[in-house]
4 protein chains.
Amino acid sequence: MSVTAFHPDNRFMAETKREAICDAALSLFASQGIDATSTRQIAKRAGTAEGNIYRHFRGKDALVRHLFEENAMALHQTLAEAVDEADDPLERLGALVRGVFAFAADQPVGFAFLFMVSTTGAFHDDPAEWPLPMMLFAQTLKGGFRSGDFRPVDPALATGWIVAMTQRAVILHRTGIVRLGYDALVDQTVEAVQHLLRR
Amino acid sequence: MSVTAFHPDNRFMAETKREAICDAALSLFASQGIDATSTRQIAKRAGTAEGNIYRHFRGKDALVRHLFEENAMALHQTLAEAVDEADDPLERLGALVRGVFAFAADQPVGFAFLFMVSTTGAFHDDPAEWPLPMMLFAQTLKGGFRSGDFRPVDPALATGWIVAMTQRAVILHRTGIVRLGYDALVDQTVEAVQHLLRR
Amino acid sequence: MSVTAFHPDNRFMAETKREAICDAALSLFASQGIDATSTRQIAKRAGTAEGNIYRHFRGKDALVRHLFEENAMALHQTLAEAVDEADDPLERLGALVRGVFAFAADQPVGFAFLFMVSTTGAFHDDPAEWPLPMMLFAQTLKGGFRSGDFRPVDPALATGWIVAMTQRAVILHRTGIVRLGYDALVDQTVEAVQHLLRR
Amino acid sequence: MSVTAFHPDNRFMAETKREAICDAALSLFASQGIDATSTRQIAKRAGTAEGNIYRHFRGKDALVRHLFEENAMALHQTLAEAVDEADDPLERLGALVRGVFAFAADQPVGFAFLFMVSTTGAFHDDPAEWPLPMMLFAQTLKGGFRSGDFRPVDPALATGWIVAMTQRAVILHRTGIVRLGYDALVDQTVEAVQHLLRR
DNA sequence: CATGAATGAGTTTTCATTCAT
DNA sequence: AATGAATGAAAACTCATTCAT
């Protein structure tokens with residue numbers, strides 16, 4: 001049995017070793033990069049034995065993939081909820097961008113990791129295999145083009161622009177290069193994205 | 001005397017081992033990533049001994065930095081020439097974006113490598129230390145804000161947006177996700193960037 | 001459970017890989033010198049993988065330091081016991097010299113290694129940082145000077161003389177240059193050292 | 001022809017590249033140790049190309065041996081002259097010890113190198129193959145034993161003691177552990193050595 | 001489930017030596 | 001005689017992964 005039962009504070013601790021490993025790996029990956037993080041470091045920070053990682057995951061690669069899917073799913077849910085509450089395409093687009101900022105603020109480590117994987121790791125050649133969050137952008141854009149609310153540009157290209165703009169805005173704010181307050185940052189980016197597509 | 005004299009094709013070959021090392025390293029870095037490329041691979045592709053890399057560069061890190069500076073400088077020159085031929089801020093901005101596309105078409109490997117370093121590697125926190133090519137964007141934008149040609153947005157943020165949009169457009173085209181012809185890709189991106197800032 | 005249980009000879013074998021590494025390294029260092037011994041050789045003789053050395057020690061340097069401290073401590077204990085049994089300074093001095101010979105006979109490899117480090121490696125500039133065994137010589141000599149049993153000479157210099165004489169005697173005997181029997185060697189050296197300081 | 005002809009100061013410079021290589025190697029060996037000194041370092045300090053070392057010496061080993069023989073010969077000559085001016089064995093012994101100190105003061109680098117080789121490098125098992133300087137000590141001691149001036153101890157052992165004492169005295173003074181002035185250091189050591197053997 | 005010692009192929013780097021010029 | 005680029009073997013060290021307990 002786990003020692004956590006005696007810890008009233010266990011809500012602040014990883015409930016299981018598996019979670020501890022995930023938490024440790026995620027933060028290390030996000031801050032140092034994936035290649036630069038060793039399984040030893042992960043085990044040490046997780047407070048467990050190195051070999052234990054292999055009980056829970058097939059290997060380092062599988063751990064990376066798991067974390068990616070987990071975080072992509074979380075981001076997807078945030079965005080899916082956001083997009084549901086909006087009616088017209090322009091509002092939906094704004095909601096998506098705001099959703100990304102919300103996720104980045106809420107799960108800074110997960111966001112950094114997602115960003116890391118999506119730029120460092122292999123690109124997916126087929127849009128049908130894009131990660132779910134990007135699919136939401138793509139679908140929303142398509143809707144706007146069909147309804148005639150958006151100016152005519154290549155949908156895949158526009159998706160790329162907007163995702164890139166949003167990601168970069170978060171990074172620039174995080175590194176302190178952009179000195180704007182967070183709300184102004186979000187507002188300006190939402191406005192810019194909408195301006196870009198509004199007919 | 002060198003064997004190159006007998007090779008009419010020597011303009012396609014590395015003149016010196018140093019260049020062979022640089023060429024090999026650049027293409028491997030660009031295609032596989034920097035961490036995933038070993039000095040062995042570099043030496044093998046360069047057709048030289050591994051130890052020889054260390055006669056020409058202090059180490060792998062120094063090789064990376066050299067390649068970065070070399071390619072950043074080349075991009076900077078392409079952009080500097082492009083920006084010189086334009087008069088008003090909007091045209092200058094368009095010329096810069098076209099310059100990036102031109103560089104990416106002309107030096108695809110160098111561009112891929114620069115992109116790799118700028119996203120993988122450490123970000124520079126201080127805009128004063130940004131790589132030269134980004135400085136050109138920043139200066140052009142500032143000019144447009146001062147003259148009143150551009151809509152008022154945070155300059156650092158706008159620089160980030162535009163660089164990100166341009167980079168992403170190249171990548172999406174290269175991976176085949178965007179099926180547009182290259183000229184259309186360039187035109188649409190230039191138009192979008194100008195639209196984003198035009199008052 | 002460990003394989004050693006089935007080995008009645010296990011008292012002659014290293015109980016753990018860590019000890020096997022120490023034993024292998026010590027004997028190789030003592031016979032070939034430290035620089036001339038590679039981690040590969042150590043691993044091979046220890047019957048383990050090279051990387052395993054680095055699980056137990058930070059690196060080759062740390063292994064050397066560990067062995068030095070271990071052996072210096074063993075010598076120190078041998079000498080401390082020897083010196084305790086003697087009353088006046090002259091006898092104490094003799095006991096120390098005999099102690100060194102006893103250690104050299106008992107732990108020939110350890111002694112050779114200590115000798116190697118103390119002459120090859122960096123000298124400690126500050127007597128307060130001398131290795132423990134030398135401290136015993138220094139203290140004994142100081143006692144003799146204070147009590148007036150010893151002729152007046154510089155204490156640090158005299159310590160150096162005596163330690164050097166003793167070390168050299170062991171080496172000369174070991175290499176066969178001095179053909180004396182071991183007991184005669186010890187007796188002559190003890191007598192010489194006492195003669196050197198006796199008032 | 002050499003550039004030195006135009007240098008009025010060439011008496012301060014190595015006359016030939018060969019000498020430059022020897023000088024550079026000797027000082028590097030003496031300060032860092034032989035293994036820790038690379039041919040590159042030697043070439044750089046000598047102001048010549050690395051490959052040039054191999055025009056003048058068969059390899060690094062040959063260079064080491066050459067330097068050893070050169071310096072051992074120089075020490076031998078210093079000692080031979082010193083020993084010639086003394087009549088009885090005790091004086092000869094004192095002259096030898098003083099000679100070692102004189103050599104160490106005059107050629108500190110050469111002395112440090114000799115010391116390094118004699119402790120680090122291989123020991124000569126056969127007294128007949130001892131380096132020449134040690135032979136002088138051995139012969140002088142034998143003379144003293146034969147004439148009855150010296151107390152009866154094993155000649156090879158006594159030689160070892162005295163050489164060790166002398167070397168150690170120089171080292172201790174050089175490292176600052178012994179704070180005596182140089183003259184006092186020499187006098188005390190000479191006196192001690194003579195006291196050790198005087199009947 | 002959990003441990004951590006053990007593995008071995010891999011990495012970057014150094015170095016004595018050779019060779020074309 | 002001199003150069004310095006080139007070589008390849010070997011060095012120290014890392015790391016994802018396995019395995020006995």
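**View 1. Polar contacts and salt bridges between chain D and chain C.** In this predicted model, seven residue pairs, both members at pLDDT 80 or more, are in polar contact between chain D and chain C. The interface of these two chains also holds two salt bridges. One salt bridge joins Glu191(C) to Arg151(D), with 3.3 Å between the closest N and O atoms.

**View 2. The side of chain D that touches chain C.** Three helices of chain D each supply at least two residues of this side: helix H6 (108-120), helix H8 (155-174) and helix H9 (182-197). The largest share comes from H8(D), which provides twelve residues. When the residues on this side of chain D are sorted by class, 19 are nonpolar, nine are polar and six are charged.

**View 3. The extent of the interface between chain D and chain C.** Contact between the two chains involves 34 residues of chain D and 34 residues of chain C. The area buried between chain D and chain C is about 3,300 Å², and carbon and sulfur atoms account for 67% of this area. Trp161(D), Arg168(D) and Ile177(D) supply 20% of the area that chain D buries against chain C, more than any other three residues.

**View 4. The protein surface near DNA strand E.** DNA strand E is surrounded by 32 residues. The closest of them are Thr48(A), Thr39(B), Lys17(C), Thr48(C) and Thr39(D). By class, the residues of this surface comprise 18 polar, nine charged and five nonpolar ones.

**View 5. Helices at the surface near DNA strand E.** Helices of three chains, namely helix H3 (53-56) of chain A, helix H2 (39-46) of chain B and helix H3 (50-56) of chain C, each supply at least two residues of the surface near the strand. H3(C) gives the most to this surface, with four residues.

**View 6. Individual contacts with phosphate and base atoms of DNA strand E.** Of the strand atoms within 4 Å of the protein, 55% belong to sugar or phosphate, and the rest belong to bases. Two residues illustrate the approach to phosphate oxygens of DNA strand E: Thr48(A) places a polar side-chain atom 2.6 Å from a phosphate oxygen, whereas Thr39(D) has a backbone N or O atom 2.6 Å from a phosphate oxygen. A contact with a base is provided by Arg55(A), for which a polar side-chain atom lies 3.2 Å from a base nitrogen of DNA strand E.

Note on methods. Residues numbered from 1 in each chain as written. Chains lettered and ligands numbered in written order. Predicted model: local features only at pLDDT ≥ 70, side-chain atom pairs only at ≥ 80, totals over all residues. Heavy atoms only, no water. Near = heavy atom within 4 Å. Polar contact = N/O pair within 3.5 Å; in protein donor to acceptor, adjacent residues only side chain to side chain. Nonpolar A, V, L, I, M, F, W, Y, C, P; charged D, E, K, R; others polar. Contact = heavy atoms within 4.5 Å. Buried area = accessible area lost by both parts, 1.4 Å probe. Salt bridge = Lys/Arg side-chain N within 4 Å of Asp/Glu carboxyl O.
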